[in-house]
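Colleague: Before I use this model, I would like to see how its labels are justified. Could we set the values against the rules?

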Amino acid sequence: MKRVRWLSGLFLAGMLCVMLGTVGAQVAQAQRPIHILDLKCLVTGGKVDNRGRLQNFGREGRDISIGRQIYTSIMSTREAGWTCKLPGGRASLRLEYGVSDQDQDRVSPPKIEVYVDGNQVASQVGKPGRINTMLVDVSNGKNLSIDISCSTAQNCMDNPWASRPFQFFKFNLEPGASSPGSR
């Protein structure tokens, strides 16, 4: 009888560990950042190649210098717009971006505007020579739009060497997070 209780307790403890491990893994999976380009998005603006594809952004793992420090860019773009379906629930948009030291005298700093369900919720002009950060609460929105443009007409995208001068180090949706100070 004692042996049956002991085996039964051991079995229940094992099942509890398996269930907690599975639930914990699902929660951890749900909290991982989602790259914007992994969402269902429409991308507008920029040049079109000979196959009819937009050439306004590219994923890359290229080292660049900003403020005389080396950073690895995950994506580069020129003037463009993204309109994406949001997965719902609490989330924040995290952007970290800049213009390389090599391009900062030849390219206007980027202006980034963020809209949730058609309403502007944030706008920022990047500062030259540094990594710029935007953290925007997009909780409970259905659609997200991000517009990236030059902040001035001078030194905008007509430069022949400025094909995709705006470098991004983070371009993510962070589920379950919200901006500091929001409720």
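Modeller: We start with the rule for burial: a residue is buried under 20% relative accessible area, exposed over 50%, and partly exposed in between. Keep in mind that this is a predicted model.

Colleague: Why is F169 called buried?

Modeller: The relative accessible area of F169 is 12%. The cut-off for buried is under 20%, so F169 counts as buried.

Colleague: And what makes Y71 partly exposed?

Modeller: Y71 has a relative accessibility of 27%. The class of partly exposed lies between 20% and 50%, so Y71 falls into it.

Colleague: Why is the aromatic pair of Y71 and F169 called tilted?

Modeller: The ring centres of Y71 and F169 are 5.7 Å apart, with 50° between the planes. Rings pair if their centres lie within 6.5 Å, and planes under 30 degrees apart would be stacked, over 60 edge-to-face. The angle of 50° fits neither of those, so the pair is tilted.

Colleague: Which parts of the chain does the pair of Y71 and F169 tie together?

Modeller: Y71 belongs to strand 4 (residues 69-77) and F169 to strand 11, so the pair joins parts 98 residues apart in sequence.

Colleague: How many aromatic pairs are there by this rule?

Modeller: The count is 4 aromatic pairs. In addition, ring pairs join W82, Y97, F168 and F171 into a cluster.

Colleague: How do you know that C41 and C84 form a disulfide?

Modeller: Their sulfur atoms are 2.0 Å apart. The rule asks for cysteine sulfur atoms within 2.5 Å, so C41 and C84 qualify. By this rule the count is 1 disulfide.

Colleague: What makes the disulfide of C41 and C84 right-handed?

Modeller: The torsion about its S-S bond is about 105°, and the disulfide is therefore right-handed. The pair links distant parts of the chain, with C41 in strand 2 (residues 41-44) and C84 in strand 5, 43 residues apart.

Colleague: Which burial class does each of the two cysteines get, C41 and C84?

Modeller: C41 has 24% relative accessibility, so it counts as partly exposed. C84 has 1%, so it counts as buried.

Colleague: Which residues have the most contacts inside the largest nonpolar core?

Modeller: They are I36 and W82, in a core of 29 residues. Strands 5, 6, 7, 9, 10 and 11 each supply at least two residues of this core. Strand 6 gives the most, with 5 residues.

Colleague: What is I36 in contact with, leaving aside its neighbours within four places in sequence?

Modeller: The contacts of I36 include both cysteines of the disulfide, C41 and C84. Also among them are W82, L93, L144, I146 and F171.

Colleague: Why is V138 called buried?

Modeller: V138 has 2% relative accessibility, and the cut-off is under 20%, so V138 counts as buried. V138 sits in the loop between strand 9 and strand 10. Beyond its neighbours within four places in sequence, V138 is in contact with residues including L86, A91, V116 and L173.

Colleague: What makes R68 exposed?

Modeller: Its relative accessible area is 80%, and exposed means over 50%, so R68 is exposed. R68 is placed in the loop between strand 3 (57-66) and strand 4. R68 also has a positive phi of about 60°, although it is not a glycine.

Colleague: Where is D117, which has a positive phi of about 50°, found?

Modeller: D117 is in the loop between strand 7 and strand 8. At 40% relative accessibility, D117 counts as partly exposed.

Colleague: How do you know that strand 7 and strand 8 pair?

Modeller: Strand 7 (residues 110-116) and strand 8 (residues 119-125) are joined by 6 bridges and run antiparallel. At least two bridges are required, so the two strands pair. They form a hairpin with 2 residues between them, and E113 stands opposite S123 in strand 8.

Colleague: How many helices and strands does the protein chain have?

Modeller: The protein chain has 1 helix and 11 strands. Of its 183 residues, 35% are buried.

Methods
Residues are numbered from 1 along each chain as its sequence is written. This is a predicted model: local features need pLDDT of at least 70, side-chain atom pairs count only at pLDDT 80 or more; totals for chains, interfaces and linings use all residues. Side-chain values use heavy atoms; hydrogens and water are left out. Helices (H or I, at least four residues) and strands (E, at least two) are DSSP runs, numbered from the N terminus. A nonpolar core is a set of buried Ala, Val, Leu, Ile, Met, Phe, Trp, Tyr and Cys residues joined through side-chain atoms within 4.5 Å. Buried means under 20% relative accessible area, exposed over 50%, partly exposed in between (1.4 Å probe, protein chains only). Contact means heavy atoms within 4.5 Å. Rings of Phe, Tyr and Trp (its six-membered ring) pair if their centres lie within 6.5 Å; planes under 30 degrees apart count as stacked, over 60 as edge-to-face and the rest as tilted.
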